[in-house]
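Biologist: I am new to this one, and I would like to understand the words as well as the picture. Could you walk me through it?

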Amino acid sequence: MYASTAAFKAALIQSHKIATLVQVVAPPNAIDGSGASIAGNVLMTLKPEPGGSITIDKSQPIRRTLTFNVVDFDGTITPADMGGVLAPNGNEIKVSRGITYADGTTELIPLGVLPITQVEITDTGDNRVIQVTAKDRGWAISRRKFADVYAIAAATNVGVAIKALLTSRMAGLDPNYISFVATALTTPAMTFQPNDDPWASALVLAANAGLELYWDQDGVCRLRAEPDPVTAPLAWSYLAGATATLLGLKRTITAEGVSNHVIREGAGSGVGTPVRGSALDTNPASPTWTGGQFGDIVDYLSDPAITTAAQASSAAAAALQRGLGAAEVLVFSAIPNPAHDANDVVYVERGSVFVSSYYVVESLTMPLSPADRMEIRGRLAVNR
């Protein structure tokens, strides 16, 4: 969850006036005529029509997707060609949502910095309506496919390998937009072929080390350990009562796609000795215990990018937590809280459907307009 003030948290559970800020900004590799970075410089400010939203989904390679409409009343923002400020030429949308307080001050929470991917211009007869679509910078890396064979040397540090891969596909990427956790894990010798997807390749490198790679609300590429929902701080509680912000929910309990025994193995030409890591539900009191009536449901994956037992164990543990949590999924709507992000741990209580548990936010849709609800999909935070 993004940091916010106590005043912001207090205002969310009362009647409040929302504020939004949508700007077109220069991309992270932009420079001026002298060669100085102009990354993030504001090029234009927009006023979206009601109905826009940003979806954040950690299950998708491109985590953040934004759509909104803007009306061009005087013809000053409609791009005439690919060179226009609002054209999908590398320029980005920086979007925030927050609260305007009674004294007129505003507190804004960033929702993303996203390259424009498409604009659709409709002439209604009265005005020009522009539908803007933007996706996070993973999209910008993904579309820059390898033109030649790209090689990673054996025993390269995972973080170093990913950073080099990203900067090879976006020359001039401002280092302020990369923040990686330190890791001792390394890669085997790896080769990627022309037309391979570099962002997909980077995601695999991270996942095989039990790490998470994504672009955050500020447009920073982050590499970090998969958050442990057992120890992660509580982001928000959705309770009944006069100050309740929970509006409705749907609870699903399923065995489809649920595994309680994860094996990750490294074997292949780049791995001298095969390595293996495993993680199981060993709690006899758990309804998904491998020794109980649920059964021993195995999720096995072998990948030559896994080179050490520690790497295999880390990847297995992260996959087990996700697999067990998938047994119970909660989809709920609430008054929007723009500080929310994927991986937040929330507590939800609704007695009518026997809900009183912690959930990990897997995806959410945050509206830009005041009349719309926030939608969240969460999996059960197992063992919390």
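Modeller: Gladly; let us start with helix 5. This is a predicted model, and in it the 17 residues of helix 5 have end C-alpha atoms that are 24 Å apart.

Biologist: How do you know that the span of helix 5 agrees with what is expected?

Modeller: The expected span is 1.5 Å times one less than the number of residues. For the 17 residues of helix 5 that should give 24 Å, and the end C-alpha atoms are 24 Å apart, so the two agree.

Biologist: Which residues of helix 5 are buried?

Modeller: Among them are Gln311, Ala312, Ala315, Ala316, Ala318 and Ala319. Further along helix 5, Leu320, Gln321, Gly323, Leu324 and Gly325 are buried too.

Biologist: Let us turn to Met366. Why is Met366 called buried?

Modeller: Buried means under 20% relative accessible area. Met366 has 0%, so Met366 is buried. This residue lies in strand 20, residues 355-367.

Biologist: What is Met366 in contact with, leaving aside its neighbours within four places in sequence?

Modeller: Its partners are Ser53, Ile54, Leu111, Pro336, Asn337, Pro338 and Met374. Take Ile54: Met366 and Ile54 are 312 residues apart in sequence, yet their C-alpha atoms are 5.3 Å apart in space.

Biologist: And Glu212 is a charged residue. What makes Glu212 count as buried?

Modeller: The cut-off is again under 20%, and Glu212 has 3% relative accessibility, so Glu212 counts as buried. Glu212 is found in strand 11, residues 211-215.

Biologist: How do you know that the side chains of Glu212 and Asn343 make a polar contact?

Modeller: A polar contact needs a pair of N or O atoms within 3.5 Å, one able to donate a hydrogen and the other to accept it. The one between the side chains of Glu212 and Asn343 is 2.7 Å. Beyond its neighbours within four places in sequence, Glu212 is also in contact with residues including Lys58, Arg63, Arg222 and Glu226.

Biologist: Now for the exposed places. Why is Gly83 called exposed?

Modeller: Exposed means over 50%. Gly83 has 62% relative accessibility, so Gly83 counts as exposed. Gly83 sits in the loop between strand 4 (64-72) and strand 5 (92-100).

Biologist: What makes Phe354 exposed, and where is Phe354?

Modeller: At 70% relative accessibility, Phe354 is over the 50% cut-off, and therefore Phe354 counts as exposed. Its place is in the loop between strand 19 (345-350) and strand 20. Phe354 also has a positive phi of about 60°, although it is not a glycine.

Biologist: Which pocket residues should I look for around the centre of the largest pocket?

Modeller: Lys58, Leu203, Ala207, Glu226 and Arg322 lie nearest the centre, out of 29 lining residues. About 620 Å³ of space lies in this pocket. The largest share of its lining, 6 residues, comes from helix 4. By class, the lining has 16 nonpolar, 4 polar and 9 charged residues.

Biologist: How many residues line the second largest pocket?

Modeller: There are 21, and the closest to the centre are Pro287, Thr288, Ala327, Glu328 and Leu380. That pocket holds about 390 Å³ of space. Strand 20 gives the largest share of the lining, 3 residues, and it is also the strand where Met366 lies.

Key:
Residues are numbered from 1 along each chain as its sequence is written. This is a predicted model: local features need pLDDT of at least 70, side-chain atom pairs count only at pLDDT 80 or more; totals for chains, interfaces and linings use all residues. Side-chain values use heavy atoms; hydrogens and water are left out. Helices (H or I, at least four residues) and strands (E, at least two) are DSSP runs, numbered from the N terminus. Buried means under 20% relative accessible area, exposed over 50%, partly exposed in between (1.4 Å probe, protein chains only). Contact means heavy atoms within 4.5 Å. On a 1 Å grid over the protein atoms alone, a cavity is a set of points where a 1.4 Å probe fits but cannot get out, and a pocket is an open set with protein on both sides within 12 Å along at least five of seven lines; lining residues have an atom within 4 Å of a point. Grid points are joined across faces, edges and corners, and a volume is the space filled by probe spheres set on the points.
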